[in-house]
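This report is meant for a reader who meets the structure for the first time. Please keep the sequence and the model in view while reading.

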Amino acid sequence: MQKSKPISYSRTTITELMIPSYANFGGKIHGGILLSLMDKVAYACASKHAGSYVVTVTVDGVNFLQPIEVGELLSLHASVNYVGRSSMVVGIRVVSENVKTGEQKHTNTSYFTMVAKDDSGKPTEVPMLELETKDDVRRCLEAIKRKQLKEAYKDDFDNEKSSMHLEENLHLLDNERVIIK
C-alpha cells in the first residue's frame, strides 16, 4: 500500500443521461436514482484511494436543491476530502446540464463516509491524503468541522433523549399537526 495519495489520484466524475425510466410520477428524476448514482461515484472514488473494497457507512447532507429533468446530462463529481484510519469522507457535487441550451445547475451536494475493507471483511488502513490546493485544504478542514459538529449533536441528542420526561414535554406538541388519541 502507498503511504499517501494525492486527492487528484482518485478524483472521479461519472456522467449519465437521465432517461424516462428514471422519472418519478411528477416527471422529475427520482431521488432514489440520484442516491444510487451518488453511492456509485462515492464507491469508485473511495476504492481508488484505498486500493481496496469499500462500504458506505453514512450519508450526510443530501439536499435536493433543484429538480433534474429527463434528457439532461447528470455529472457527479467526487473527491476524497478527509481520511481517518480506515474511513474516508467523499464529497460529491452533482450538476445537471440541459444539452439543448448548455444551461448547468447545481442540484446536490453530499458527503459519503466510506470504510475500506480487507479480503476478510475487516476494516483496513487507507493511505494518507495529500492536499494539493487551497480548495483541498478547505474541504478537509470542513470535513473535520462537520465530524466535530456531528459528534457534538449526537452527544447532545442522546443526553436530551435520556433525560426527557414525556409528561413535561407534551406542550411541544401544542402547535404541531398531530392528534393524541
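In this predicted model, Glu142 and Arg138 stand four residues apart in helix α3, and are therefore separated by about one helical turn. Their side chains form a salt bridge, in which the closest N and O atoms are 3.1 Å apart. Arg138 has a second partner in Asp135, and in this salt bridge the closest N and O atoms are 3.4 Å apart. Asp135 and Arg138 are also separated by about one helical turn, because they are three residues apart in helix α3. An α-helix has 3.6 residues a turn, so residues three or four places apart point the same way. Since the salt bridges share partners, Asp135, Arg138 and Glu142 are joined into one network.

How many salt bridges does the structure hold? There are seven, and one of them, between the side chains of Lys150 and Asp60, has an N to O distance of 3.1 Å. This pair links distant parts of the chain, as Lys150 belongs to helix α3 and Asp60 to strand β3 (residues 53–60), with their positions 90 residues apart.

The salt bridges described here can be set side by side.

| Pair | Closest N and O atoms |
|---|---|
| Asp135 and Arg138 | 3.4 Å |
| Glu142 and Arg138 | 3.1 Å |
| Lys150 and Asp60 | 3.1 Å |

Several of these residues are partly exposed, a class that runs from 20% to 50% relative accessible area. Asp135 belongs to it with a relative accessible area of 39%, Lys150 with 38%, Arg138 with 35% and Glu142 with 33%.

Helix α3, which covers residues 134–163, also contains Glu160. Is Glu160 buried or exposed? Its relative accessible area is 55%, so Glu160 counts as exposed, and together with Glu151, Asp155 and Asp156 this residue forms a negative surface patch.

A surface patch of another kind, nonpolar and of about 450 Å², is made by Leu166, Leu170, Leu173, Val178 and Ile180. Of its members, Leu170 lies in the segment that follows helix α4 (166–169), and with a relative accessible area of 31% Leu170 is partly exposed.

Attention can now turn to helix α2. This helix runs over residues 31–50, and because its 20 residues advance at 1.5 Å a residue, a span of 28 Å is expected, which agrees with the 28 Å that separates its end C-alpha atoms. Many residues can be named when one asks which parts of α2 are buried: Leu34, Leu37, Met38, Val41, Ala42, Cys45, Ala46, Ser47, His49 and Ala50 are buried there. Just after α2 comes Gly51, whose phi is positive, at about 70°.

Towards the beginning of the numbering, Tyr9 has its place in helix α1 (residues 7–10). Tyr9 is partly exposed, its relative accessible area being 39%. How far apart are the C-alpha atoms of Tyr9 and Glu130? Although these two residues are 121 residues apart along the chain, their C-alpha atoms are separated by 9.7 Å.

Notes:
Residues numbered from 1 in each chain as written. Predicted model: local features only at pLDDT ≥ 70, side-chain atom pairs only at ≥ 80, totals over all residues. Heavy atoms only, no water. Patch = residues over 30% accessible without salt bridge, like charges linked within 9 Å, V, L, I, M, F, W, Y side chains within 5 Å. Areas by Shrake-Rupley, 256 points an atom, 1.4 Å probe, with all protein chains shown as cover. Salt bridge = Lys/Arg side-chain N within 4 Å of Asp/Glu carboxyl O. Lys, Arg positive; Asp, Glu negative; His and termini not counted. Charge placed at Lys NZ, Arg CZ, Asp CG, Glu CD. Helix = DSSP H or I, 4+ residues; strand = E, 2+ residues; numbered from the N terminus. Buried < 20%, exposed > 50% of the residue type's maximum accessible area, 1.4 Å probe, protein only. Expected span 1.5 Å × (residues − 1).
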